[in-house]
Amino acid sequence: MQSTKPHAILLASPGMGHFFPVLELGKRFVTQHDFQVTIFVVATDTSTVQSQLCDLPNPNRFNIVSLPPVDISGLVDQDASIVTKIIVMMRESLPALRSAISAMKPRPTALFADLFGTEALVIADEFEMLKYVFIASNARFLAATIYFPTIDKKLEEEHINEKQPLMIPGCRPVRFQDTLEAFLDPKDQVYVEYLRVGLEIPTGDGILVNTWEDLEPTTLCSMRDTRMLGRVGKVPVYPIGPMVRPVKTSAMEKESSVLEWLDMQPTESVIYVSFGSGGTLSAKQMIELAWGLELSQQRFIWVVRPPMDDDVSGSYFNVSNGSDGTPDYLPDGFLTRNAKMGLVVPMWAQQREILGHTSVGGFLTHCGWNSTLESIVNGVPMIAWPLYAEQKMNATMLTEEIGVAVRPKELPTESIIGREEIEMMVRKIMVDKAIRTRAKQLKHSAQKASSKSGGSSYNSLSQVAKECETSLQGLIANIQGA
């Protein structure tokens with residue numbers, strides 16, 4: 001018998017940065033629209049995925065399925081980019097996804113694939129499902145991704161070889177130093193794969209993006225104007241963000257030693273330093289950062305992992321929830337000298353709870369979009385320290401357009417940022433009232449967008465839910481009339 005409520009299939013790429021926004025999207029479908037949701041995860045760390053099962057809103061209507069692991073060792077070079085590896089893993093998982101969906105009775109209503117799962121859209125066609133793409137990043141990133149494959153070779157060569165800005169109709173240009181690595185080498189597999197992704201995104205019934213109207217009004221407007229980005233203007237773009245995980249309030253979380261330390265600090269006096277689940281620094285840069293924090297004389301929490309001199313994303317597939325022992329790659333005496341002013345946390349920390357604590361007044365971040373949104377929804381200003389992927393574009397947006405961050409004069413991936421500049425940035429972000437005021441304004445804007453009382457993002461997701469419900473009702477009518 002056909003269910004009277006839509007069943008949404010969500011497909012998440014490897015990596016917690018992809019999984020968590022998809023998880024939040026699924027939760028909203030269940031809690032706000034009474035959907036049944038199944039999330040298929042192409043996971044490299046199934047233990048982390050399984051740890052989320054206890055936090056589901058309604059286990060009877062919400063299911064998380066890890067697709068069988070795939071071996072891509074013979075399909076990509078060992079030194080291939082993260083993006084290439086993820087895309088190939090997603091492609092190799094398609095047969096398992098198709099088999100799983102075919103076994104579902106009644107058939108699901110809609111498929112929501114994330115950025116690197118666009119090849120799964122054809123499976124939605126096979127089962128006569130609605131198909132959407134969910135972009136866990138922002139509209140600026142989306143615009144660059146879908147526009148670049150359409151430009152002529154002359155403009156492409158000017159951007160790649162002559163380092164000219166990428167001019168996107170209706171949007172701010174993307175400077176060469178901020179551009180995606182996937183655009184830079186036409187001979188690299190990631191270039192071919194990423195251009196295909198950019199062409200496939202607008203082929204769905206809609207594009208969901210993890211931003212909101214008041215955060216990126218100009219970019220969103222341009223994407224709806226057929227005179228600007230014509231290919232996308234034909235496909236609805238739904239800003240549904242911010243999709244961020246809520247702060248946990250369980251007794252276990254409250255007993256954290258990090259949060260207990262924060263409880264003893266003055267309001268907005270601590271800067272939190274973390275480079276996400278995958279970011280790493282070189283040994284020299286780690287020394288400079290340590291000295292910069294110490295010279296600033298500001299309280300800090302620093303999530304550290306072993307340095308890597310040749311791979312800023314070296315920890316992407318090696319997520320850990322903690323580590324014993326004291327880091328031996330920091331300056332001699334650093335931990336002793338800063339015992340009262342700071343905490344050094346190996347490998348992992350409760351970022352949501354830390355950024356939501358009243359004692360935190362700044363965030364030195366790699367500018368991954370999940371971390372950026374977690375900072376914004378808590379009204380915390382940032383020091384932008386981009387490392388890879390779209391983080392350089394995000395850093396420019398945060399500093400030059402939105403005005404909630406400062407950044408180094410040089411890109412951290414191009415040169416070592418010295419301790420004096422780090423000291424200056426930390427001091428500035430902790431005392432600059434204009435940036436802090438802007439951060440609090442954006443916090444209010446995010447809350448307003450998500451409000452059930454006419455919030456723009458709430459209404460946008462409701463429109464998608466209505467489309468799914470209409471499609472399901474049409475199916476039911478056809479079955480009853482047969």
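Helices (H or I, at least four residues) and strands (E, at least two) are DSSP runs, numbered from the N terminus. I begin with that because most of my entries refer to these elements. For instance, Pro242 is found in the loop between strand E7 (237–239) and helix H11 (251–254).

**Ground rules**

I am working on a predicted model, where local features need pLDDT of at least 70 and side-chain atom pairs count only at pLDDT 80 or more, while totals for chains, interfaces and linings use all residues. Residues are numbered from 1 along each chain as its sequence is written, and side-chain values use heavy atoms, with hydrogens and water left out.

**Entry: cis peptide bonds**

I looked up the bond leading into Pro242 and found a cis peptide bond joining Gly241 to Pro242, with omega about 5 degrees. I also looked at Lys105 to Pro106, where the peptide bond is cis and omega is near -5 degrees. Pro106 sits in the loop between helix H4 (94–102) and strand E4 (110–114).

**Entry: positive phi**

I checked Glu128, which is not a glycine, and its phi is positive at about 55 degrees. This residue belongs to the loop between helix H5 (121–126) and strand E5 (130–135). For burial I use these cut-offs: buried means under 20% relative accessible area, exposed over 50%, and partly exposed in between (1.4 Å probe, protein chains only). Glu128 has a relative accessible area of 61%, so I log it as exposed.

Gln297 is another non-glycine with a positive phi, of about 60 degrees. I found Gln297 in the loop between H13 and strand E9 (299–304). Its relative accessibility is 59%, so Gln297 also goes down as exposed.

**Entry: helix H1**

I took the ends of H1 (residues 16–33): its 18 residues reach 25 Å from first C-alpha to last, close to the 26 Å expected at 1.5 Å a residue. The expected span is 1.5 Å times one less than the number of residues. H1 is mostly covered, with 15 of its 18 residues buried. Just after H1, Asp34 takes a positive phi of about 60 degrees.

**Entry: H13 against H18**

Here I needed axes, which are lines fitted to C-alpha atoms, for helices over the stretch in contact, with angles from 0 to 180 degrees between N-to-C directions. The axes of H13 (residues 283–296) and H18 (residues 419–431) come within 8 Å and cross at roughly 45 degrees. That makes H13 oblique to H18; angles under 35 degrees count as roughly parallel, over 145 as roughly antiparallel, 65 to 115 as roughly perpendicular and the rest as oblique.

Which residues of H13 and H18 meet? With contact meaning heavy atoms within 4.5 Å, I found Gln285, Ile287, Glu288, Leu289, Trp291, Gly292, Leu293, Leu295 and Ser296 in H13 against Arg419, Ile422, Glu423, Val426 and Arg427 in H18. The residues of this contact divide into seven nonpolar, three polar and four charged. In this count Ala, Val, Leu, Ile, Met, Phe, Trp, Tyr, Cys and Pro are nonpolar, Asp, Glu, Lys and Arg are charged, and the others, Gly among them, are polar.

**Entry: H18 against H19**

H18 and H19 pack at about 60 degrees, their axes 6 Å apart, and are therefore oblique to each other. In this contact Lys428, Ile429, Met430 and Val431 of H18 meet Lys433, Ile435 and Arg436 of H19. I tallied these residues as four nonpolar, no polar and three charged.

**Entry: Leu442**

Further into this neighbourhood of entries, I picked Leu442, which lies in H19 (residues 433–450). Is Leu442 buried or exposed? Leu442 is buried, at a relative accessible area of 3%. Not counting residues up to four places away in sequence, Leu442 touches Trp212, Leu215, Ile376, Ile402 and Val404.

**Entry: H16 and its cover**

One of those partners, Ile376, is among the buried residues of H16. Seven of the eight residues of H16 (residues 369–376) are buried, so H16 is largely enclosed by the rest of the structure. What covers them includes H15, strand E11 (360–365), strand E12 (382–384), helix H17 (391–402) and H19.

From H15 (residues 351–355) I picked Gln351, which counts as buried at 13% relative accessibility. Leaving aside residues up to four places away in sequence, Gln351 touches Tyr272, Ser274, Phe363, Ser371 and Glu374.
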